[in-house]
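Here are a few friendly notes to help you find your way around. Keep the viewer open and follow along point by point.

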Amino acid sequence: MESHYIFLDVDGTLVTYTNELPESAIRAIKAAQANGHKVFTVTGRSKAEMYKKILDIGFNGYIGGNGSYIESNNNVIAEKKLSAKDTRMIVDWLYENNLEFYLESNAGLFASERLEEEAERPIQLYSAKKGQEQTDHLKVKDVFPDMIFGELPYRDDINKISFILNSYEDYLKAKHLFSEFKVGTWGGAGETALFGDIALNNIDKRTAITELLDYLGESEKNTIAFGDAAVDIPMLEVCGTGIAMGNGSREIKEMADHVTDDVANDGLYNAFRHLKLI
């Protein structure tokens with residue numbers, strides 16, 4: 001059997017949007033590795049959000065911060081961070097505009113003073129949009145259980161900053177003001193977006209996979225990518241085979257080579273079987 005490099009998004013692909021990890025996904029990954037395949041996570045999450053139950057699966061590597069951090073067999077291949085000066089500039093602007101935020105780093109998620117209160121409703125709406133049921137009871141700590149509150153937000157180890165959008169105009173202002181950075185939205189398309197984020201420019205899941213493959217001396221031929229959202233499209237495009245989850249967005253389903261079942265309905269396991277990885 002020819003070995004493959006398998007790249008998995010996390011939220012909506014490996015786990016549900018309330019951090020539920022299907023047992024069938026664990027079995028699929030371990031069986032694929034036993035067959036000689038290499039499995040990597042490729043996620044917007046910082047390493048601080050890769051909780052023990054995920055890490056305990058035992059991946060061959062990790063790409064985080066939507067491409068800003070790359071690891072293979074516990075060796076750091078690349079780590080690209082916002083400077084302390086740039087982080088301070090962005091944080092000060094968020095404070096001035098009354099926008100609650102959290103800073104994402106491998107050392108932890110560092111929240112602004114009122115984020116826990118202000119993000120509760122957006123988190124509930126986001127989870128509902130992703131097909132989760134009974135989201136009205138969700139708290140920020142249900143989605144981000146290890147989020148850190150009360151620490152000074154001026155840091156030099158940040159790979160991304162996410163913030164609540166009080167209006168779509170907040171995103172447009174940030175995009176104009178921080179034009180040298182990559183400014184995006186998540187939690188909805190266009191004006192329905194719930195959050196904005198700011199990171200280094202010219203980095204995404206595609207560039208990180210290419211950098212990792214170059215380091216490993218491998219080509220894209222025997223690569224397979226799994227995702228559910230627009231941010232995953234670049235990695236599905238660069239890999240030899242692209243798989244969209246059944247709970248994925250319309251745009252990723254339309255460009256994927258195959259659409260599997262929902263993450264909660266053994267989507268990963270069923271796709272691994274379909275591709276004869278297990």
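**Notes on a pocket, a hairpin and a helix pair**

1. Let's start with the second largest pocket, bearing in mind that this is a predicted model. Its lining is made up of Thr41, Lys47, Met50, Leu55, Gly58, Phe59, Asn60, Gly61, Tyr62, Glu71, Asn73 and Asn74. The volume of this pocket is about 160 Å³.

2. What kinds of residue line the second largest pocket? Six are polar, four are nonpolar and two are charged.

3. Now look at two strands, E4 (residues 69–72) and E5 (residues 75–79), which pair in the antiparallel sense over four bridges. Glu71, one of the pocket-lining residues, stands opposite Val76 in E5.

4. E4 and E5 form a hairpin, with two residues between the strands. In the turn, Asn73 has a positive phi of about 50°. Asn73 is also among the residues lining the second largest pocket, so do glance back at point 1.

5. Next, please turn to two helices, H1 (residues 23–34) and H11 (residues 267–274). Their axes lie 7 Å apart and the helices pack at an angle of about 30°. Because angles under 35 degrees count as roughly parallel, H1 is roughly parallel to H11.

6. Which residues make the contact between H1 and H11? From H1 come Ser24, Ala25, Arg27, Ala28, Ile29 and Ala32, while H11 brings Leu268, Tyr269 and Phe272. Seven residues of this contact are nonpolar, one is polar and one is charged.

Key:
Residues numbered from 1 in each chain as written. Predicted model: local features only at pLDDT ≥ 70, side-chain atom pairs only at ≥ 80, totals over all residues. Heavy atoms only, no water. Axes fitted to C-alpha atoms, helices over the stretch in contact; angles between N-to-C directions. Parallel < 35°, antiparallel > 145°, perpendicular 65-115°, else oblique. Contact = heavy atoms within 4.5 Å. Nonpolar A, V, L, I, M, F, W, Y, C, P; charged D, E, K, R; others polar. 1 Å grid on protein atoms, 1.4 Å probe; cavity = no way out; pocket = protein on both sides within 12 Å on 5 of 7 lines; lining within 4 Å. Points joined across faces, edges and corners; volume = space filled by probe spheres on them. Pairing = 2+ DSSP bridges.
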